[in-house]
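Open your viewer, and let us take a walk through this structure together. Keep the selection tool ready, as each stop begins with something to pick.

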Amino acid sequence: MPDSVLRARALVPIAAALVTITGLTVTAPAPAAASVQRIVDGPNNSVSAMAQGADGTTYLGGSFTGWGPQTGGGAVLDPTSANVDRTFPQVRGAVKAAVSDGSGGWYIGGSFSAVDGVTRSRLAHIRSDGSLDANWNPAADSDVNTLAVANGVVYVGGFFTTMCGAGSSCGSSVTRSRMAAINPDGTLTTWNPNANGDVNALAVADGIVYAGGVFSTLCGSGSSCDQTAQPREYLAAINPDGTLAAWHPTPNGSGAWVQSLAISGSRVYVGGRFTSICDSAAGCVGTTVSRKAVAAVGTDGTIVNWAPDVTTTGGAVGTVRTMALSGDGATLYVGGDMTAINGTDRYSAGAINTSDGTTAAWNPTLSNQAKGLTVVGTTVYVAGDFTSVCGTSPNSVISSCGASSVPRKYLAAFGSDGSLASWDPNVGAAAAAVATDGNKIYVGGSFSVVGTTVTRNRLAAIDTTGALTSWNPNPGGPVAALAVANGVVYAGGSFTTMCGPGSSCDQNAVTRNRLAAINTDGTLTSWNPNADITVTSLAVANGVVYAGGGFTTLCGSGSSCGSSVSRKYLAAINTDGTLRSWNPNPGGPVAALAVANGV
C-alpha cells in the first residue's frame, strides 16, 4: 500500500480466518461443511487499529492480551480439558440459554443475530455434527432468556412478543408474548400462555411447563388458555395443551421476581428475589410464609416446609439467579447476589441440603455473581461475572477450595466436595449460561473468544493466510492507531512501555510514551517522540509520521527529539525521530487522519 494512503483505523481486509473481531466488521467466510473446523484463532479482546505492510502482513492493535478460538457468544467445551470443539459454529452475539436436543446437538437462545454466518434471530438449532439446522428458525423479535425441551418440543421464554416472520421456518409473524413452543421441524405450536411480563425461567415435568419471571397475569385475548387474563404473580404452570394449571404459589416482597427453577420429584425449587411465598387471598394453597430468595413448592401447589434464607449485605434478601440439583437430588446448588445462606458466609454461590434446608459445606467463594450452574457427575460447572474463586471471606470464613484466591475468568468447575477443578476455559467476558448433555458442556455469554492459546499483548501480526506471526512488541497499554511504511510499524495509544520478557524485541521493557516504532522483524527502533497524552490516529507520507490525539506536548527527557515542545492534538515527526515545525494547533483532540496529494 503506498505511503500516501496509509492511515490509522483503515479497515484492511483480514484473511477469512478471522471471522469476528470486537469493534470491527470483517467479511465472514462461507459456512463450512459439517464435521470440519469452523472456529479459528484470533484476538481475545477489542481491536482498535489495523494496517497492512507491503508484504501483505496485517498488523493489529487494541486491548487484547492473547490469541484464542473465535467462538462468538457460545462454545462447546470438553468437560475435563476445557478444549473448544472447533466443529461447532461461531455465534454472532450473546447466548443466554442453551439446552441439549438429546442427540448431541443444542438449541440456543439469546440476543445473537447469526450462527455460522447465517441469519438467526435469537434462536437456533445446532446439530450434533456442528452444522446449523437450516429448517429450524423461529426468529424471535427480542431476547430469549430461557429454554426447555420435552418430547421434542422446545419451550422458549424471554422478552419477545412475536415469532416467525420473513425468512423464518414458521411463516408470517405470529404474536407470542414472552412464551412459545416450537416443533422439531421449526413450526410453531398453538401453545400460547400469553404472559404480560418477561419470562426468566422454564422447567418441564410430567408434561407441565413451569414458568418464572416478572409477569403478573397469563391468558387473555388470543391465548391458548381460552379464558380471560388470570393472576399469576411471577410463577405459573401451563398444561401441554396450553391451558392454565391451578398451581399458584405467589412469591411476594418489594421488587419481587423469579429468576430460576429446578424440579426434583414432586418439588419445584424456586429462586429469585422475594421475602415470602403464598398469598391465599390470591389463590395459593396455604398461608403466607417467610422465604428469602429460595423456596420449594409441591407440584400440588402446597408450600414445602423447607426454609433456607439467602441473604446479602446486612441481612437483606439476596437474589438466586441460577440453580442446579445434584444427581441424587440431595443437594441444591445456588448462585447469584448473596453473601450468606442461613447466616453462614457464602459469597455468590453455595449449596443447600434438600432434606432440611441447612447450608452444605460446598463454598467456592466467587468474586462476583454466578449466573449459570450445571452438574455432571460429581462436578459442578459455574458461569458468571467473577474473575477469581476460592479464598477467605471478609468474615474470615475459608472457602471449600482453600484460603487463597485463584484466578478463574467467568467460568469454573468444582467438585461436589467443594474442591477447585483444573478446568479453566478462560473466556474474555462474562458468561451467563452453562448446560450439559452429559458428554459436553455448552457455555454462553457476552464473550467472543474462549481460551488463550498464545499471548499477544495489544499488538499482533497475521500473515496473508491469517496465521499469527512471531511479531510481538508487547506494549504496556492499549494501542489505538497503526501505520506502516518502509518496513516499520508505527503505533500510537496509551501505552508507556514496549518490549519485555517474551517479546520479539529480545530486550527488557523500554519506555515508549504513547508513540513507538517497531521493525517488521519485531525489534524496537529508537524513534521516541514521547507524547504526554494518548495518541489515537496516525498517518505516514513521504518520510513524515503525522500523529493526532489528546496530547499537548511531545519530546522531552529520553525522547528522540530533544526538549519538550508544545504540540496540541496534532504533530508531524520525521522517521528519524525528530520533530517538524508543522503545527496546525487545532482547538480539540484529533480522532482520525489521512494523507493524500500533499494534504
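## Stop 1: the largest pocket

By class, 28 nonpolar, twelve polar and four charged residues make up the lining of the largest pocket. Keep in mind as you go that you are looking at a predicted model.

Select T146, L147, L261, M323 and L373: of the 44 lining residues, these lie nearest the centre of the largest pocket. The space in this pocket comes to about 1300 Å³.

Next, colour the strands that build the wall. Which strand gives the most to the lining of the largest pocket? Select strand 6, residues 91-100, and you have found the answer, with seven residues contributed. Other strands supply at least two lining residues each, among them strand 11 (144-150), strand 16 (199-205) and strand 28 (319-325). Strand 33 (370-376) and strand 38 (431-436) also belong to this group.

## Stop 2: a sheet of three strands

Now select strand 22, residues 257-264, which also supplies at least two residues of the pocket lining. Strand 22 is part of an open sheet with the order 22-23-26 and antiparallel pairing. At the edges of this sheet are strand 22 and strand 26 (294-298), each pairing on one side only. On average, neighbouring strands here are turned by 25 degrees against each other, ignoring direction.

Add strand 23, residues 267-273, to your selection: seven bridges join strand 23 to strand 22. For one facing pair, show W257, which stands opposite R273 in strand 23.

## Stop 3: salt bridges

How many salt bridges does the count come to? There are eight, and here are some to visit.

- Select R38 and D116, whose closest N and O atoms are 3.2 Å apart. R38 sits in the segment before strand 1 (41-43), while D116 is in the loop between strand 8 (114-115) and strand 9 (118-119), 78 residues apart. Are these two buried or exposed? R38 counts as buried because its relative accessibility is 10%, under the 20% cut-off. D116 is buried too, with a relative accessible area of 13%.
- Move on to K371 and D385, where the closest N and O atoms are 3.1 Å apart. K371 belongs to strand 33, and D385 to the loop between strand 34 (379-384) and strand 35 (388-389). K371 is partly exposed at 33%, and D385 is partly exposed at 21%.
- Then pick D424 and R408, which meet in a salt bridge of 3.8 Å, N to O. D424 lies in the loop between strand 37 (411-415) and strand 38, and R408 in the loop between strand 36 (406-407) and strand 37, so the pair ties together parts 16 residues apart in sequence. R408 is buried, with a relative accessible area of 9%, whereas D424 is partly exposed at 33%.
- Finally, show K96, R122 and D143 together: a network of salt bridges links them.

## Stop 4: two positive phi angles

Before the last stop, a rule of thumb: most residues other than glycine have a negative phi.

Select D226, in the loop between strand 18 (217-218) and strand 19 (230-231). Phi of D226 is positive, near 60 degrees. D226 is exposed, with a relative accessible area of 73%.

End at N597, in the segment after strand 51 (570-574). N597 is not a glycine, yet its phi is positive, at about 55 degrees. With 78% relative accessibility, N597 counts as exposed.

Technical notes:
Residues are numbered from 1 along each chain as its sequence is written. This is a predicted model: local features need pLDDT of at least 70, side-chain atom pairs count only at pLDDT 80 or more; totals for chains, interfaces and linings use all residues. Side-chain values use heavy atoms; hydrogens and water are left out. On a 1 Å grid over the protein atoms alone, a cavity is a set of points where a 1.4 Å probe fits but cannot get out, and a pocket is an open set with protein on both sides within 12 Å along at least five of seven lines; lining residues have an atom within 4 Å of a point. Grid points are joined across faces, edges and corners, and a volume is the space filled by probe spheres set on the points. Helices (H or I, at least four residues) and strands (E, at least two) are DSSP runs, numbered from the N terminus. Ala, Val, Leu, Ile, Met, Phe, Trp, Tyr, Cys and Pro count as nonpolar, Asp, Glu, Lys and Arg as charged, and the others, Gly among them, as polar. Two strands pair if DSSP finds at least two bridges between them. Axes are lines fitted to C-alpha atoms, for helices over the stretch in contact, and angles run from 0 to 180 degrees between N-to-C directions. Buried means under 20% relative accessible area, exposed over 50%, partly exposed in between (1.4 Å probe, protein chains only). A salt bridge is a side-chain nitrogen of Lys or Arg within 4 Å of a carboxyl oxygen of Asp or Glu.
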